[in-house]
Amino acid sequence: MSFSKSPELLIFDCDGVLVDSELIATRVHIEALAKCGYIISAEEYNDRFIGMTDQQSYSVIESEGGLRLPEDHHERVMAEVANRYARDLRATSGVRQTLEAIDLRKCVASNSDAAKLCLALKVTDLHDFFWPHVFSASQVARGKPAPDLFLFAAQNMNTPAGSCLVIEDSVSGTQAAVAAGMMVIGFVGGSHCLAGHGDKLMEAGATKLFSRMTALPQILAGL
């Protein structure tokens, strides 16, 4: 897919794109799951569950593990994520410079729940770049890889889906953008991105890849 004219709206995923949060959240999840008897490595967790909503991953884990997570599991996980975000979370290198350089309307569309999403943006001082145009999977019936969230964001931004460009780091997010009829560029600069991750994004429908956030303005200028 390519644009006949420049995109009108830039839609960013948050975790792993705007903020380098994936490994922080993964550590919290695997520690909490281990207490429930479900053992999984960080590498396997990232490969299988990054890009899913937490509820989607919990459903898979309960089914595979033949277990029932405690009713307060998610609440406990989110509390610990908040603690570690406050201590350790950083914006992706170069992202502020990049956002300041891009003269396009922007929004965020993330599979994170609304509280976690807003926390990540506030802790890293990125909130004001986007607010109030911050959209969470908790606002739609189906999160990524379904197209609902991206279509919801486009509708709220009064922009046709075909005029939106998505920046994603996950396979499920890339699939969601393609299903929504949007062009998607894959970001592979997060600390969770291992060798071969870019190939997976391309297979899912990404048209380009980049690993330095500061390269994005030049990529956009070439579209």
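The following points go through the sheet, the strands at its centre, the cysteines, the largest pocket and some backbone details of a predicted model.

1. Sheet order. The sheet is open and holds 6 strands, which follow one another in the order β3-β2-β1-β4-β5-β6 with parallel pairing. Its edges are formed by β3, residues 134-136, and β6, residues 208-210, each of which pairs on one side only. From one strand to the next, the twist averages 25°. Helix α6, which spans residues 114-123, packs on this sheet and touches both β2 and β3, and its direction makes about 145° with that of β3.

2. Pairing of β1 with its two partners. Strand β1, residues 9-12, pairs with strand β2, residues 105-110, in the parallel sense and over 4 bridges; within this pair, L10 stands opposite K106 of β2. With β4, strand β1 also runs parallel, and 4 bridges join the two. Here the residue that stands opposite F12 is I167 in β4.

3. Strand β4. A reader following the sheet onward may ask how many of the residues of β4 are buried. The count is 5 of 5, so that the strand is described as mostly covered. The side chains can be sorted by direction: C164, V166 and E168 point one way from β4, while L165 and I167 point the other way, and all are buried. It may be worth pausing at E168 when looking at the model, since this residue is among those buried in β4. In a regular strand, side chains alternate between the two faces of the sheet.

4. Strand β5. Strands β4 and β5 run parallel and are joined by 4 bridges, and the bridge partner of L165 in β5 is M183. Strand β5, residues 183-187, is likewise mostly covered, with 5 of its 5 residues buried. M183, I185 and F187 point one way from the strand, V184 and G186 point the other way, and all of these are buried.

5. Cysteines. How many disulfides does a search of the whole structure find? The search returns 0. C193, in particular, is in no disulfide, and the nearest cysteine sulfur, which belongs to C14, is 14 Å away; a pair of cysteine sulfur atoms would have to lie within 2.5 Å to be counted. As for exposure, C193 counts as buried because its relative accessibility is 16%, and the cut-off for buried is under 20%. C36 counts as partly exposed because its relative accessibility is 27%.

6. Largest pocket. The volume of the largest pocket is about 410 Å³. Its lining is made up of 30 residues, and those that lie nearest the centre are M52, T53, D54, N111 and S112. Three helices give two or more residues to this lining, namely α1 (22-35), α2 (42-49) and α3 (54-65). Of the elements, α1 gives the most, with 4 residues.

7. Cis peptide bonds. Two bonds that lead into prolines deserve a look in the model. The peptide bond from W131 to P132 is cis, with omega near 10°, and P132 is found in the loop between α7 (127-130) and β3. A cis peptide bond also joins K144 and P145, where omega is about 20°; P145 lies in the loop between β3 and α8 (148-156).

8. Positive phi outside glycine. Where does D125, with phi near 60°, lie? D125 lies in the loop between α6 and α7, and its phi is a positive value in a residue other than glycine. This residue counts as exposed because its relative accessibility is 57%, where the cut-off for exposed is over 50%. N158 also has a positive phi, near 55°, and is a residue other than glycine. N158 is found in the loop between α8 and β4, the strand of residues 164-168, and it counts as exposed because its relative accessibility is 71%.

Methods:
Residues numbered from 1 in each chain as written. Predicted model: local features only at pLDDT ≥ 70, side-chain atom pairs only at ≥ 80, totals over all residues. Heavy atoms only, no water. Pairing = 2+ DSSP bridges. Axes fitted to C-alpha atoms, helices over the stretch in contact; angles between N-to-C directions. Contact = heavy atoms within 4.5 Å. Buried < 20%, exposed > 50% of the residue type's maximum accessible area, 1.4 Å probe, protein only. 1 Å grid on protein atoms, 1.4 Å probe; cavity = no way out; pocket = protein on both sides within 12 Å on 5 of 7 lines; lining within 4 Å. Points joined across faces, edges and corners; volume = space filled by probe spheres on them.
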